[in-house]
Structure formats: structure tokens, C-alpha cells
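Please find below a short note for your consideration. It concerns the packing and the strand arrangement of the model shown here.

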Amino acid sequence: MRIEYKNIEFELKALTEIKLPYFKGSAFRGGFGHIFRKITCVLKRLNCLECPLKNQCIYSYVFETPPLENSNILNMSNYEKIPHPFIFEPPETKKKFFQPEETLNLKILLIGKAIEFAPYFIYTISELGKVGIGKGRGKFTVENINVSERQLFHLNNTNRRECYGILKIRAITPLRIKYNRDLVRDIEFHILIRSLLRRLSLIYYFHIKPEILIHEPKELIRKAETVKKVQDITFWYDWERYSSRQDKRMKLGGVIGEIIYKGNISIFIPYVKAGEILHVGKGTSFGLGKYEIVEFST
């Protein structure tokens with residue numbers, strides 16, 4: 001099994017002062033969605049589910065992916081929504097004010113079928129610069145674009161030997177992971193794995209190929225439950241964004257920091273590495289759920 005993706009990296013130059021929040025994903029992703037819809041939506045319907053063109057519409061696919069026929073094979077009643085086929089990775093700098101001529105870097109990762117729509121993403125970012133982002137609608141121009149070749153991530157652990165070891169991960173952006181439909185502050189290893197398996201399975205089914213990715217998830221979860229969390233140096237970071245579509249402010253807090261797990265880790269490494277690329281949890285299209293493997297030893 002393999003997941004195909006492509007990175008688009010933008011170098012942006014401020015034309016006017018740009019005022020951004022500490023976490024900048026909301027500013028880029030929010031403005032992007034509004035313009036992307038204006039560019040790609042034909043009938044301008046408010047509700048994609050009622051649109052007769054929803055199965056042929058670029059906007060509908062990217063932002064409101066409609067379920068496939070017979071998609072109940074994944075028991076969709078257990079999931080809140082289908083994950084977006086893109087991830088914004090905004091500038092990680094804590095800096096909030098950018099003066100004219102200063103530069104910012106933005107990366108957008110496209111997954112599977114969404115790769116074909118790369119020109120629309122590039123054009124939308126260019127138009128977003130004219131409209132402006134952040135408080136005061138700071139304007140920018142696209143100075144440089146680097147589009148990577150298609151990249152493949154092979155997700156296969158059938159030949160991986162089970163081995164006892166230590167895994168240390170660092171949450172770079174807030175991890176918003178749900179367990180039993182509630183956000184969790186204490187991310188035990190099996191909770192992390194459950195979230196990863198769910199996300200990877202849905203991404204594969206709806207954006208790569210309508211096939212089952214993981215055939216024995218319960219057995220994997222059972223093994224994940226034997227892995228223990230031995231150190232937790234994390235904190236809960238709360239932040240808010242305004243949703244123009246829902247006309248309300250939304251709290252999007254999550255866990256940031258480092259966690260060390262100990263146990264039968266090796267069989268889970270392919271999934272954990274996939275999560276490094278594809279993020280985990282809720283709010284990934286904003287750039288949430290980004291983490292890195294700091295240490296893995298057996």
C-alpha cells in the first residue's frame with residue numbers, strides 16, 4: 001500500500017504590513033477557502049450536499065468530499081467527516097508582524113487525487129495575496145514557488161519484526177486527538193495509534209483508492225495498548241479562530257510538547273512515520289497535528 005503526495009512551497013513577500021496570530025495556519029487556510037470556492041464553485045450553492053454537481057466539483061471534492069457509493073464499508077457512522085486531501089504548513093515563526101519586503105514561507109501538501117488540482121492551489125494563494133490576510137488584510141506577493149515531484153510513502157509493516165524499544169515524539173503544532181468522541185489531554189500510545197489508523201484509512205479510501213488499508217486494526221490496537229507512556233512533557237495550548245462560514249469563534253486547543261513511549265514499538269513505526277507527513281487528529285488542514293519523531297531505538 002502506498003500514499004502519494006506532493007509539496008508546494010511558497011516564498012511570500014509582504015507588500016504592506018501583515019499582522020498574523022501566533023499560530024498562522026488559520027489565517028492562511030481561512031482566507032484560502034473563501035477564494036478557492038469563488039474560483040472553482042460553479043453554482044455558488046451554500047450547501048455542497050444539495051448541489052447536483054457535487055460529484056464533479058473541485059471545491060466539493062477538496063473541502064466537502066462526498067462519500068462514495070458503498071463507502072459504508074468503513075462504517076462512516078463512526079467518523080465525523082472525511083479528511084481533507086490537503087494540509088497547510090504555515091510559517092512556524094512566533095513573529096506576528098511582518099513589514100513590507102519581509103518574507104514568509106508557506107507549504108501546502110496535496111494528497112492523492114488532489115495533486116491534480118495543484119494549479120488551482122497555486123492560483124488561489126496568488127489571489128489571496130491581493131485580498132490580504134490577517135488583521136488589516138495585509139497584502140503579499142508570491143516571490144517563488146517550488147513544486148516537488150510526486151512522492152510515495154509505502155505503508156507496509158507485514159515484514160517488520162516485533163521489537164521492544166523507545167519512541168520519543170514532539171508535537172510541533174497542537175494535537176487535537178479524540179477518544180470516545182472527547183478531546184484528550186493525556187495521549188496514551190493506543191490513542192495515538194487509533195487516531196493514526198483512522199486518518200490513514202480514510203485518506204487512503206477516499207483520496208487514493210477505495211480499498212481497505214488496514215485489515216486487522218483491532219489486533220494492532222490490542223498490541224498498542226501494551227505500549228506504555230513513560231514520560232510526558234506536554235501542555236495544552238488554546239487558540240481561537242473565527243469561522244466566517246459558521247459566523248462564530250471556535251476554540252481549537254491541543255497538546256504541544258514531547259512524549260516518550262516504551263514497549264513493542266517497531267511494528268507501529270510505518271504508521272507513526274506516515275503521521276509525520278500527514279499529521280494526526282483534528283484540524284490538520286490548518287496545520288494542526290504536526291509532530292516529529294525525535295528518537296526511536298530498539
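The points that follow address a predicted model, beginning with its nonpolar cores.

1. The largest nonpolar core comprises 43 residues. Within this core, the members that touch the most others are Ile 187, Phe 189, Leu 192, Tyr 261, Phe 268 and Leu 278.

2. Several elements each supply at least two residues of this core: the strands β1 (2-14), β5 (103-111), β8 (164-175) and β14 (254-264), together with the helices α4 (189-208), α5 (217-224) and α6 (269-278). The largest share, nine residues, is provided by α4.

3. A second core of 34 residues lies apart from the one just described. Cys 48, Phe 98, Leu 110 and Phe 117 are among its members.

4. Tyr 261 merits separate mention. Beyond neighbours within four places in sequence, Tyr 261 contacts Gly 165, Ile 166, Leu 167 and Ile 169, as well as Ile 187, Glu 188, Phe 189 and Leu 192. Its contacts also include Val 227, Lys 228 and Lys 229.

5. An open sheet is formed by four strands in the order β11-β14-β8-β15, with antiparallel pairing. At its edges stand β11 (228-237) and β15 (291-297), each of which pairs on one side only. From one strand to the next, the twist averages 10°.

6. Nine bridges join β11 and β14 in the antiparallel sense. Tyr 237 has Gly 254, in β14, as its bridge partner.

7. Helix α6 packs on the sheet and touches β8 and β15. The direction of α6 makes about 150° with that of β15.

Methods. Residues numbered from 1 in each chain as written. Predicted model: local features only at pLDDT ≥ 70, side-chain atom pairs only at ≥ 80, totals over all residues. Heavy atoms only, no water. Core = buried A, V, L, I, M, F, W, Y, C linked by side-chain atoms within 4.5 Å. Buried < 20%, exposed > 50% of the residue type's maximum accessible area, 1.4 Å probe, protein only. Contact = heavy atoms within 4.5 Å. Pairing = 2+ DSSP bridges. Axes fitted to C-alpha atoms, helices over the stretch in contact; angles between N-to-C directions.
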